[in-house]
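Thanks for squeezing me in, everyone. Let me put the structure up and then walk you through a few spots in it.

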Amino acid sequence: MKTGVYVFLAFLLAGPSAWANDARRYFTAEYRLYVSGLLIGKANVRLAISPDDYLLSAHIRPAGIGRVAGQSHVVSTTRGTLRDGNLVPQRLDLSWTSEDTIKSSYMEYIDGAPHKFVSGYAQPEEFRSKNPIAIETVGVGSVDPFLGLLSPLNGRPLRAACDGTKRIFDGRRLATLRAQDVVFVPPFKHDFPQNRPAVRCSILWQPIAGYSEASLERAAEFPPVRAHFGQISNIGFAAPLDMRGKSRYGRVTINAIHYFAETITPFLPFDISEITAP
C-alpha cells in the first residue's frame, strides 16, 4: 500500500546551474496526503527559479498512520532551463529508502527530450509492461511526474493552468494528463492558504505505453481527479492547491498546508542521506 500511495502522490503532485544570485527566487510549500480521511504522508517542496533556470525538489515522508506502515522516504529533484516561459528539463534524480538502504534512479535529457534512464528499482515480473516504450521515442515535451506539478502560464490568465494536455514520462511509463471543465473560484469562495483567485478543473489520466496489463485495465475505471490551482507569486507558474481522487486504497486527498511562500534564504535540494542520517 505504501509504495502505491506514494506513486499516486507522484502522479498528482519531486548538476546545479550557474544562476545569478540576484535573479534567483526561492519558494517553499508543504502538502499533506490523506487516504479515506486519515493522514498518511507529508510532502515538502522547494522551488528555486530564475529567468533562465529552475530547480524543483520534493521530500515525501510518512505521517500519521502512515508511520505504522513503514518509514520510507522519497526525494525527487528535477532541474532544467526555461525557454520562452516553458520548462525544459535537463535531469531528474529520484532516491528512496528501502529496508534501511538508499536506492536511486536518474534520468538525463538532451534539449528537453529524455535520453538516458538508470533505475535502482527492479520491476517484479507482474508489473512489467508487454508494451514497453523506448526512451528515444518519447521526444521533446514530456515532464516527470513531480515536474508535472508546475503549470506555465506564459502571460495568460490563471485558467491556463487547467488548459491542455501534459505528457508525463517517468523513465519507463508514458501517460497524458488532460485538464478539462475549468471553473474560476474567487478568493472569497475558498479557504486555501493564499488569499488569491483559484481555478478548479478535472484531470483525466490516460496511460500510453510502458504500463502493466493490470494498470491498463484499471485506467478505464480511474475517475478524473478534481484539482484547484493557484498562481505562485508573480513568476508565471501555477501549482495545485489541492487534489482529490480515488485509488484502490480509497479516497485520496492532497492539500496544500503551506503554499509556495517566498523566502530570501537560499536553499539546496533535499538530500536523502542527510534526511535519514541517525
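Let's start with strand 13, residues 225–231, which is mostly covered: five of its seven residues are buried. Bear in mind as we go that this is a predicted model.

So what does strand 13 pair with? On one side of the story there's strand 12, which runs antiparallel to strand 13 and is joined to it by six bridges. If you want a residue to click on, take Ser 202, whose bridge partner in strand 13 is Arg 226. Then there's strand 14, residues 237–247, which also pairs with strand 13 in the antiparallel sense, over six bridges. Here you can look for Ala 227, which stands opposite Met 243 in strand 14.

Strands 13 and 14 make a hairpin, with five residues between them. Have a look at Ser 233 in that turn, because its phi is positive, at about 45°.

While we're on strand 14's numbers, let me point at a charged pair. Arg 244 forms a salt bridge with Asp 242, and the closest N and O atoms are 3.3 Å apart. Buried or exposed, how does Asp 242 come out? Asp 242 counts as buried because its relative accessibility is 2%, whereas Arg 244, at 42%, counts as partly exposed.

Okay, cysteines. How many disulfides does the count come to? One. Cys 162 and Cys 201 form it, with their sulfur atoms 2.2 Å apart. The torsion about that S-S bond is about -65°, so the disulfide is left-handed. Now, where are the two halves? Cys 162 sits in the loop between strand 9 (151–152) and strand 10 (165–169), while Cys 201 belongs to strand 12, residues 198–209, so the pair ties together parts that are 39 residues apart in sequence. And if you're wondering about accessibility, both Cys 162 and Cys 201 are buried.

Back to charges for a minute. The general idea is that side chains of opposite charge can pair when their charged atoms come close. How many salt bridges turn up in a search of the whole structure? Seven. I'll show you two more of them.

One is between Glu 108 and Arg 91, whose side chains meet at 3.1 Å, N to O. Glu 108 is in strand 6 (residues 101–110) and Arg 91 is in strand 5 (residues 86–98), so this pair ties together parts that are 17 residues apart in sequence. Glu 108 counts as partly exposed, with 28% relative accessibility, and Arg 91 is also partly exposed, at 22%.

The other is Arg 32 with Glu 30, again a side-chain salt bridge, at 3.3 Å, N to O. These two fall either side of the 20% cut-off for buried: Glu 30 is buried, with a relative accessible area of 16%, and Arg 32 counts as partly exposed at 26%.

Last stop, the surface. Which residues make the nonpolar patch of about 300 Å²? Leu 38, Ile 65 and Val 68. Leu 38 is found in strand 2, residues 38–49, and at 45% relative accessibility Leu 38 counts as partly exposed.

That's my tour. Shout if you'd like me to go back to any of those spots.

Note on methods:
Residues numbered from 1 in each chain as written. Predicted model: local features only at pLDDT ≥ 70, side-chain atom pairs only at ≥ 80, totals over all residues. Heavy atoms only, no water. Salt bridge = Lys/Arg side-chain N within 4 Å of Asp/Glu carboxyl O. Buried < 20%, exposed > 50% of the residue type's maximum accessible area, 1.4 Å probe, protein only. Helix = DSSP H or I, 4+ residues; strand = E, 2+ residues; numbered from the N terminus. Patch = residues over 30% accessible without salt bridge, like charges linked within 9 Å, V, L, I, M, F, W, Y side chains within 5 Å. Areas by Shrake-Rupley, 256 points an atom, 1.4 Å probe, with all protein chains shown as cover. Disulfide = S-S within 2.5 Å. Pairing = 2+ DSSP bridges.
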